[in-house]
Amino acid sequence: MSDSALSAQAQRLSADEAVALYGRPLFELAGAAHEARLAATDATVVTYLIDRNINYSNVCNVGCSFCGFYRTRRQEDSYTLSFAAISEKVRELEAVGGTRILMQGGVNPYLPFEWYLDLLAHLRERHASIRVEAFSPEEIKGMSKLTGMSTREVLRELQSAGLDGLPGGGGEMLVDEVRHARHVSPARIAAGEWIDVMAEAQALGLYTTATMVIGFGETRAQRVASLLRLRDAQDRALASHGNGFSAFISWTLQTRGVRIEGRAPGAGAFEYLQNVAAARLILDNVVNHQASWPTMGYKVAQTALFAGCNDFGSTMLEENVVSQAGARNRATPERELVRQIVDAGFEPRQRDSLYRIVRVPDVSALLGPDPGPQPASPVAGAAGAASA
Ligand code: SF4
């Protein structure tokens, strides 16, 4: 690979050039990715979102080996939240100025399709100002199987009932030899199906994000193949209707206490930062790249702001999926996100999920003496998490 391929102005990278990125010294690669980020987005600003994850049910029939969240219906601690319980969580989010809920479950074959439609209608009626991004492609496929409707019909019905977008969950590695490997998730939908559902959602005008998880034991070429599938999908979406992935988010496989522990290597900070930087350079058609503090911790996430990321993710009040596979970092109040962004030398801006700035936070008020418990206290337990 020529040095010019590391330039922010370089031409689109070929697959071979993209693989070669992973052989470059990390700080050289990160520097090139940072330049590309500065050219693509406001150079002085890092954005964040106030949101809440709601895992409406932990019943799932897919059984991914890296998932410590799912249960069978017969297990004592399986659950499906009532509409009232979900509403209460949304009220807590509203109280702290949140703008969106990210709602994912397992793929629960016991919930009728009407349950989802009624839930969306319930939320629209009571929480009109909150965007609802819910149901990953795996869940959409599950609803399609359950109803006999096409995934496009499922999406259209959900959208009519109040759905604003889909979480990026389940992207992981868009290479079937990896995602369907015996030690990973043989029952997962195929990479092409994940892409197809996202493309259908985008064509309907729904919000979507692209995600990636590294650490299954995949090769560099497979990481690149996954990124190139996203780049191709984004090209098609932008060319046909202009509504592509709003952001790219990657994180590392969390293995503690789940079946995949000992059967996949996971990935550390070095590989995470390398992948974040490579992704910024390869995905030249995705503007927003998000750092993952829940899996990597604040320090590594801050470093990712100098390796291609322009966004610090979200407060993730309540997250139950990656945290149950060993992610050490739980929900965080806004002041902590702001502190990390300011400490890294950027101006924090609260955004909505469409990356529109909705508020300039009062940094001195937020970073003054600790105000004590926030109105909505963090609850144990995905942007971008890996559920469904
Ligand atoms: S990751 Fe999602 S699809 Fe896989 S077992 Fe967990 S809840 Fe089910």
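Me: A salt bridge is a side-chain nitrogen of Lys or Arg within 4 Å of a carboxyl oxygen of Asp or Glu, so which residue does the side chain of Asp352 meet in one?

Reply: The side chain of Asp352 meets that of Arg356, with a distance of 2.6 Å from N to O. Before going further, please keep in mind that this is a predicted model, in which local features need pLDDT of at least 70 and side-chain atom pairs count only at pLDDT 80 or more, while totals for chains, interfaces and linings use all residues. Residues are numbered from 1 along each chain as its sequence is written, and side-chain values use heavy atoms, with hydrogens and water left out.

Me: OK, and is Asp352 buried or exposed?

Reply: Asp352 counts as buried because its relative accessibility is 7%, where buried means under 20% relative accessible area, exposed means over 50%, and partly exposed lies in between (1.4 Å probe, protein chains only). Its partner Arg356 is partly exposed, with a relative accessible area of 49%.

Me: Why would two side chains pair like that at all?

Reply: Side chains of opposite charge can pair when their charged atoms come close.

Me: How many salt bridges are there by this rule?

Reply: The count comes to 20 salt bridges. One of them joins Glu334 and Arg359, at 2.7 Å from N to O. That pair links distant parts of the chain, since Glu334 sits in helix α12 (residues 334-343) and Arg359 in strand β10 (residues 357-359), 25 residues apart. Helices (H or I, at least four residues) and strands (E, at least two) are DSSP runs that are numbered from the N terminus. Glu334 counts as buried at 11% relative accessibility, whereas Arg359 is partly exposed at 32%.

Me: What about Glu218, which side chain does that one meet?

Reply: Glu218 meets Arg223 in a salt bridge of 2.8 Å, N to O. Glu218 is buried, with a relative accessible area of 8%, and Arg223 counts as buried at 4%. Arg223 also has a C-alpha atom 9.4 Å from that of Ala279, although the two residues are 56 apart along the chain. Ala279 belongs to helix α10 (residues 269-282) and is buried, with a relative accessible area of 0%.

Me: Which residues are linked in a network of salt bridges?

Reply: Asp51, Arg100, Arg131 and Glu133 are linked in such a network.

Me: Switching to rings: how many aromatic pairs come out?

Reply: The count is 10 aromatic pairs. Among them, Trp115 and Tyr116 have ring centres 5.3 Å apart and planes at 85°, so that pair is edge-to-face. The rule is that rings of Phe, Tyr and Trp (its six-membered ring) pair if their centres lie within 6.5 Å, with planes under 30 degrees apart counted as stacked, over 60 as edge-to-face and the rest as tilted. Trp115 and Tyr116 are both buried. The rings of Trp293 and Tyr298, with centres 5.8 Å apart and planes at 35°, make a tilted pair; here Trp293 is buried at 1% relative accessibility, while Tyr298 is partly exposed at 23%.

Me: Which residues do ring pairs link into a cluster?

Reply: That cluster holds Tyr56, Phe83, Trp115, Tyr116 and Phe135. Phe135 lies in the loop between β4 (131-134) and α5 (137-147), and is buried at 0% relative accessibility. Phe135 also has a positive phi, near 70°, without being a glycine.

Me: Where is Glu172, and what is its phi?

Reply: Glu172 is in the loop between α6 and α7 (176-179), and its phi is positive, about 45°, although it is not a glycine. Glu172 is buried, with a relative accessible area of 3%. For background, most residues other than glycine have a negative phi.

Me: Last topic, the surface: which residues form the negative patch?

Reply: The negative patch is formed by Glu114, Asp118, Glu153 and Glu157. Patches are made of residues with over 30% relative accessible area and no salt bridge, where like charges are joined within 9 Å and nonpolar side chains (Val, Leu, Ile, Met, Phe, Trp, Tyr) within 5 Å. Lys and Arg count as positive and Asp and Glu as negative, while His and the chain ends are not counted; the place of a charge is taken as NZ of Lys, CZ of Arg, CG of Asp or CD of Glu. Helices α4 (113-126) and α6 (151-161) each supply at least two residues of this patch. Glu157, in helix α6, is partly exposed at 37% relative accessibility.

Me: And what share of the chain counts as buried?

Reply: Of its 388 residues, 60% count as buried.

Terms used: Areas by Shrake-Rupley, 256 points an atom, 1.4 Å probe, with all protein chains shown as cover.
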